[in-house]
Amino acid sequence: MDKSVDGEIVIVGGGICGLATALALHRKGIRSLVLERSEKLRATGAAIIMQANGWHALHQLGVASSLRQTAILIQRGKRISLSGESEEEEERTFGTSKEFRCLKRADLIKAMAENLPEGTVRTKCQVLSVKFDPVTHFQHLMLSNGAILQAKVVIGCDGVNSIVANMVGLRPARFLVFSTCAARGFTYYHDGHQFPAEFVVMDKDQVRLGRVPVSYNLVYWFITRPRTNQDSKISKDPVLIKQSLMDSVKDFPTHVKEMVRNCELNTLNLTELKYRPPWDLLLDKFRRGTVAVAGDAMHATGPFIAQGGSASLEDAVVLARCLAQKMQNNNNNNVHDNRAIEEALSEYVKERRMRIFWLNLYSFLLEKFFSAGSLVVKVILIAVFAVLFRDPDWHIHFQCGTL
Ligand SMILES: Cc1cc2nc3c(=O)[nH]c(=O)nc-3n(C[C@H](O)[C@H](O)[C@H](O)COP(=O)(O)OP(=O)(O)OC[C@H]3O[C@@H](n4cnc5c(N)ncnc54)[C@H](O)[C@@H]3O)c2cc1C
């Protein structure tokens, strides 16, 4: 069987987190290899909301200014409840200190991939398992094509169903208890849309719709609604997804129904949401030996605060900083000393743990709030938010530091 040393650092998964980690390492002068199972880099989910903490991380990665050209600045957030007798509106201004833009995922992936040295990403490489070899002190990665690669360090950026997280010993991510399925898509308006630069969220009963313009022609929207037993089947066919969404928004305003009806079918995606509960994030180990996890593999979170992607970028910056510091202390640009690597990965985990715990808890409680049928539960949760999260923007004021 073919066994080759393919990189001191191998990153499993070429999504947002895997590419960001490779780019952060590259900016610190460290080579890595990204293994992605798909035929080409994917950008599933149409777009991603990026707030100030995410922009800080993108700046560290050197791609913020080019990405700013691709998405307009959103000025305000607006929440509209359609459930009562009359519409209720709540509004807040973002301003420049709370930079809020909605990026096309394809633009984000492209910007990061283009800044990597050639040969960093290998597609069609599905990792089946990772095992430590006590003789060579290398990690052995078994690929689906039968090849085995050896690496000193493995970073699992392989998403919510991560096999690396499994190997590290994390408990599996779970489905959200009561709910929830999320659909995402783009609608393109040839002659420009009429929507202001606002992030609008509308609720009606258990259906929630978010809408945010990416540019003057393109609008990103998402819908969350209770999961049905048809969803696995529906999610495989964009026409069925659209039909099901039209049904979900049948009591929404006409411009919403038009937006969904005229969506770009090839961008439609329906996902059953999975998450790691906050208490797992407090207790689980995120490193075993020289293997660690990042991004959704580490902290899959419900999308209720639109932070999973930004938190993944933060992971990448912190991880590269910790590894680079130890390697520079070793006065050596190769990762030869397993103990130094383990220390670096432990520092990374220590630095990230409480940040991802609070993000995850916030999102978890918001989901409970949205899905709560009882007024008493809602009031209790409002009290909890007032105590724990007095500043509703605490999570976007965070900065992961410099590379
Ligand atoms: C509905 C929804 C809306 C969201 N909205 C936002 C938002 O607005 N803002 C925000 O910041 N975040 C948002 N998120 C969260 C964000 O999408 C994720 O946190 C982010 O994509 C995580 O990136 P990742 O690279 O860790 O994982 P992924 O994007 O899942 O990438 C994992 C990659 O690993 C590859 N892979 C998996 N297994 C293997 C294997 N065994 N071998 C090789 N490759 C493998 C996959 O093909 C994939 O390319 C949202 C999430 C959802 C579900």
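Are Lys110 and Glu114 buried or exposed? Lys110 is exposed, and Glu114 is exposed too. They make a handy way into this structure, which is a predicted model. A search through the whole of it turns up 20 salt bridges, and a few of those are picked out below, followed by a look at helix H2.

**A pair within one helix**
- Lys110 and Glu114 form a salt bridge, with their closest N and O atoms 3.7 Å apart.
- Both residues belong to helix H4, which covers residues 105-114.
- They sit 4 residues apart, and that's about one turn of the helix.

**A buried pair linking distant parts**
- Lys98 pairs up with Asp393 in a salt bridge, and here the closest N and O atoms are 2.8 Å apart.
- This pair links distant parts of the chain, as the two residues are 295 residues apart.
- Lys98 is in the loop between strand S5 (88-93) and strand S6 (101-104), while Asp393 is in the segment after helix H13 (375-388).
- Lys98 has a relative accessible area of 18%, so it counts as buried, the cut-off being under 20%.
- Asp393 is buried as well, because its relative accessibility is 6%.

**A pair with one partly exposed partner**
- Arg171 and Asp280 form another salt bridge, with 3.5 Å between the closest N and O atoms.
- Arg171 lies in the loop between helix H5 (163-168) and strand S11 (174-175), and Asp280 lies in helix H9 (residues 278-283), so the salt bridge ties together parts that are 109 residues apart in sequence.
- Arg171 comes out as partly exposed because its relative accessibility is 36%.
- Asp280, on the other hand, is buried, with a relative accessible area of 1%.

**A shared network**
- Some salt bridges share partners, and in this way Glu314, Asp315, Arg352 and Arg355 are joined into one network.

**Helix H2, tucked away**
- Helix H2 runs over residues 52-61, and 9 of its 10 residues are buried, so the rest of the structure largely encloses it.
- The buried residues of H2 include Trp55, His56, Leu58 and Leu61.
- Ala52, Asn53, Gly54, Ala57 and Gln60 are also among the buried residues in this helix.
- Just after H2 comes Gly62, which takes a positive phi of about 80°.

Methods: Residues numbered from 1 in each chain as written. Predicted model: local features only at pLDDT ≥ 70, side-chain atom pairs only at ≥ 80, totals over all residues. Heavy atoms only, no water. Salt bridge = Lys/Arg side-chain N within 4 Å of Asp/Glu carboxyl O. Buried < 20%, exposed > 50% of the residue type's maximum accessible area, 1.4 Å probe, protein only.
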